[in-house]
Amino acid sequence: MAKYIVEQSGPLKGEVQISGAKNAVLPLMAAALLSDEACIIDDVPHLRDVSLMKEILSSLGSKIEEKGENSISICTEDIKTTELEQELVSKMRASILVMGPLLARKGRARIPLPGGCAIGARPIELHLKGFEILGAVVTKGDDYVEAVSGGQGLIGDQIYLDFPSVGATENIMMAAVLAEGTTYIENAAEEPEIVDLANFLNKMGAKIKGAGTDTIRIEGVKQLHGAKHTVIPDRIEAGTFMLAAAITRGAVHLCNVEPDHVKPIIAKLRECGVRIDVGDEDITIRGDLGPQMATDIKTLPYPGFPTDIQSPFMSYLTTVEGSSTVIETVFENRFMHVAQLGKMGASIETAGNKANIKGNSKLRGCNVIATDLRAGAALVLAGLVAEGKTEISEIYHIERGYEKFTEKFAGLGATITKVDD
Ligand code: UD1
């Protein structure tokens, strides 16, 4: 299994181009199933999760063509099966996102229960509740779930989500676009990836209003056509590089960023004493201008502080003056990086969903495990400032979500070497 060897680095300097967003492109690819015409998606990052989604779509009958370095065409003239293979689904939780489109277009979807990052129970009952309210009959077996819409197809209705789940909002939106009548999703997730999906679906002929607010209105249409769309920039990748600049006390310019999407990260880094200059589609992070202080963080659904940046931010907080508190409210098991950071010399105490981080830690390189995608990113950041070399195993988690990770760091002056064990 491959590993990263992260060497202690000086302040990172230079420019980095942010890729298209993993969490936006996966639902966009699933949405392409809703039309029998070709959809073209630009700025698609080369990631393990994207390759898996391509395999999933191909297994359902989609023809996928590369249209250039970062552009793909997905054409699904006919859906040849409404069942997913266990092997594919077990590798990626986002495979559940094909359920809404299959149900909308073929009236049936049968999915083995999903895998993905081990961050909490991550149930899917909100997705299923939405399908049921739209008229589908949902059956749960020990290791699969099936939804069938019956002869009359799905019928628009009012769906209140108990929690603004990103995946449930996306899946229900995709199921509802071809339903009879109007669907309202209330307490919907407001993440930028939801807005991107709604924009793409509207280009395909859907009638969606309110994406990005807590109430989304979807007027069903008879069919969708092909469309062309560019994926939004990855706000989590941007946040990771912002923190890489801050933790190494460097100066980094990020291109292809939507500053509005990273507002909470900008606000928190500024509180710590990092200077951040914001342009229209670029950001400059100056971690080299003075002392950096502790702050407190609480993760929340968008526009709150993103849970996906919690662990990378915690690595940074081990290096600032003073003690910080981090509260994780979105996932119930997202402190797995704490034990790994502890091995590197960080002083972090956890109680339930709260972590207290002592600053000014002298981190040292050792062997650590990337327990999930963002925990892996957190360890890379810690490795940049740790004395000696940090050896990170299970980096396939990191490669699920970061495009050209080592190359991008190399462009900023860091040395991260991928080695096969
Ligand atoms: C998406 C992102 C992930 C991010 C998360 C929260 C993708 C591919 N992944 O994941 O990177 O960390 O949003 O911003 O876009 N929940 C339920 N019942 C459900 C669904 C969710 O209880 O039916 C809970 C989950 O267990 C979790 C919380 O809701 O505690 C948030 O999950 P959700 O917003 O659905 O995250 P994902 O869509 O899985």
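Me: Is K268 buried or exposed in this structure?
Reply: The general idea is to look at how much of a residue's surface stays accessible, with anything under 20% relative accessible area called buried. This is a predicted model, and in it K268 has 19% relative accessibility, so K268 counts as buried.

Me: Where does K268 sit, and which residues does K268 touch?
Reply: K268 belongs to helix α9. Leaving out residues up to four places away in sequence, K268 touches T295, D296, I297, F305 and F313.

Me: What does helix α9 pack on?
Reply: Let's start with the sheet itself. Its 4 strands come in the order β2-β14-β16-β15, and the sheet is open, with mixed pairing. At the edges are β2 (13–17) and β15 (275–278), each of which pairs on one side only. From one strand to the next, the twist averages 15 degrees. Inside the sheet, β15 and β16 (residues 282–286) run antiparallel and are joined by 4 bridges. One spot to find on screen is R275, which stands opposite R286 in β16. Helix α9 (residues 263–272) packs on this sheet, touching β15 and β16, and its direction makes about 145 degrees with that of β15. Helix α8 (residues 235–247) lies across β2, β14 (251–255), β15 and β16, running at about 165 degrees to β14.

Me: Which strands form a hairpin with 3 residues between them?
Reply: That's β7 and β8. Trace β7 (residues 137–140) and then β8 (residues 144–148): they run antiparallel, with 4 bridges joining them. Within the pair, T139 stands opposite E146 in β8.

Me: How do I read a helix, and why is α1 called largely enclosed?
Reply: An α-helix has 3.6 residues a turn, so residues three or four places apart point the same way. For α1, burial tells the story: 9 of its 10 residues are buried, so the helix is largely enclosed by the rest of the structure. The buried ones are K22, A24, V25, L26, P27, L28, M29, A30 and A31.

Me: What does α1 give to the largest nonpolar core?
Reply: Think of a core as buried nonpolar residues linked through their side chains. The largest one here has 76 residues, and V98, M173 and L201 have the most contacts inside it. Helix α1 (residues 22–31) gives the most to this core, with 7 residues. To see one of the well-connected residues, pick V98: not counting residues up to four places away in sequence, V98 touches A30, L33, M53, I56, L57, L60, L84 and I111. Apart from this core lies another, of 64 residues, with I18, L269, V274 and V338 among them.

Me: Is I133 buried or partly exposed?
Reply: I133, in helix α5 (residues 125–133), has 29% relative accessibility, so I133 counts as partly exposed. Contacts can also link parts of the chain that are apart in sequence. I133 and Q158 are 25 residues apart along the chain, yet their C-alpha atoms are separated by 7.6 Å. Not counting residues up to four places away in sequence, I133 touches I155, D157, Q158 and I159.

Me: How do I read a pocket, and which residues are closest to the centre of the second largest one?
Reply: Rolling a probe the size of a water molecule over the atoms shows where empty space is left. The second largest pocket here has a volume of about 330 Å³. Of its 22 lining residues, A104, L178, V221, K222 and Q223 are the closest to the centre. Helix α4 (residues 99–106) supplies the largest share of the lining, 4 residues.

Me: What should I look for in the backbone angles?
Reply: Most residues other than glycine have a negative phi, and most peptide bonds are trans. Now look for the exceptions. N187 has a positive phi of about 55 degrees although it is not a glycine. N187 sits in the loop between β10 (182–186) and α7 (192–203) and is partly exposed, at 23% relative accessible area. N360 also has a positive phi, of about 55 degrees, without being a glycine. N360 is in the loop between β20 (354–358) and β21 (367–369), and is partly exposed at 42%.

Me: Which residues does a cis peptide bond join?
Reply: Y302 and P303, with an omega of about 10 degrees. You'll find P303 in the loop between β17 (297–298) and α10 (310–317).

How values were computed
Residues numbered from 1 in each chain as written. Predicted model: local features only at pLDDT ≥ 70, side-chain atom pairs only at ≥ 80, totals over all residues. Heavy atoms only, no water. Core = buried A, V, L, I, M, F, W, Y, C linked by side-chain atoms within 4.5 Å. Buried < 20%, exposed > 50% of the residue type's maximum accessible area, 1.4 Å probe, protein only. Helix = DSSP H or I, 4+ residues; strand = E, 2+ residues; numbered from the N terminus. Contact = heavy atoms within 4.5 Å. Pairing = 2+ DSSP bridges. Axes fitted to C-alpha atoms, helices over the stretch in contact; angles between N-to-C directions. 1 Å grid on protein atoms, 1.4 Å probe; cavity = no way out; pocket = protein on both sides within 12 Å on 5 of 7 lines; lining within 4 Å. Points joined across faces, edges and corners; volume = space filled by probe spheres on them.
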